[in-house]
Amino acid sequence: QVQLMESGGGLVQAGDSLRLSCVASGSILSIDDMTWSRQAPGKLRDVVASINSGGSTDYGDSVKGRFTISRDNAKNTVYLQMNSLKPEDTAVYYCNALIKTIPTTTRVYWGQGTQVTVAS
């Protein structure tokens, strides 16, 4: 059994910063790509940022230069540092990860999401 647990969401003012964390736990052999996505009310879920096991990153156009994704492989944790937040960043933020488990199975696991609300 593998679980992903996000934390760090909340209500902030425009221009503020937040740091989201997502910890994977369970019978984990290895973790490949880790991704943050978000879904605003009435909209489709969009990928915000991703990072592979080697540390290479990719970002959605709307967050480039403001958000930074990082990971701590020893802690099975991925972070999303969000700076200069805007009201349009308001959404539920989800992490997912491609995880190889014991016994050997590889699939994508999702967290339950954490709400980020940016007031203008």
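Start at the N terminus and walk along the chain, and the elements read β-β-β-β-β-β-β-β-β-β-β. That makes 11 strands and zero helices. Keep in mind as you go that this is a predicted model.

How does the overall build look? The radius of gyration is 14 Å, close to the 14 Å that the globule rule gives for 120 residues, so the chain is as compact as a globular protein of that length. If you lay the C-alpha trace along its principal axes, the span is about 50 × 25 × 25 Å. Of the 120 residues, 40% count as buried. As for how the chain folds back on itself, take the contacts between residues at least 6 apart in sequence: 55% of them join residues at least 24 apart.

Now for the outside. The accessible surface adds up to about 6,300 Å², and carbon and sulfur atoms account for 48% of that. The chain carries 11 positive and 10 negative charges, and if you take the mean position of each set, the two points sit 3 Å apart.

Next, look for the cysteine pair. Searching the whole structure turns up one disulfide. The partners are cysteine 22 and cysteine 95, with their sulfur atoms 1.8 Å apart. This pair ties together distant parts of the chain: cysteine 22 belongs to strand S3 (residues 18–26), cysteine 95 to strand S9 (residues 91–101), and 73 residues separate them. Are these cysteines buried or exposed? Cysteine 22 has a relative accessibility of 1%, and because buried means under 20%, it counts as buried. Cysteine 95 is buried as well, with a relative accessible area of 1%.

For a contrast, move over to leucine 44. You'll find this residue in the loop between strand S4 (28–39) and strand S5 (46–51). Its relative accessible area is 71%, and since the cut-off for exposed is over 50%, leucine 44 counts as exposed. So which residues does leucine 44 touch, once you leave out those up to four places away in sequence? The answer is Arg38 and Gln39.

One last distance helps to place that loop residue relative to the far end of the numbering. Leucine 44 and serine 120 are 76 residues apart in sequence, and in space their C-alpha atoms lie 23 Å apart.

To pull the picture together: you have a chain of 11 strands without helices, a disulfide between cysteine 22 and cysteine 95, and an exposed leucine 44 in the loop that runs between strands S4 and S5.

Note on methods: Residues are numbered from 1 along each chain as its sequence is written. This is a predicted model: local features need pLDDT of at least 70, side-chain atom pairs count only at pLDDT 80 or more; totals for chains, interfaces and linings use all residues. Side-chain values use heavy atoms; hydrogens and water are left out. Helices (H or I, at least four residues) and strands (E, at least two) are DSSP runs, numbered from the N terminus. Buried means under 20% relative accessible area, exposed over 50%, partly exposed in between (1.4 Å probe, protein chains only). Contact means heavy atoms within 4.5 Å. The radius of gyration is taken over C-alpha atoms; the globule rule is 2.2 Å times the number of residues to the power 0.38. Accessible areas come from the Shrake-Rupley method with a 1.4 Å probe; for residues, only the protein chains shown count as cover. Lys and Arg count as positive and Asp and Glu as negative; His and the chain ends are not counted. The place of a charge is taken as NZ of Lys, CZ of Arg, CG of Asp or CD of Glu. A disulfide is a pair of cysteine sulfur atoms within 2.5 Å.
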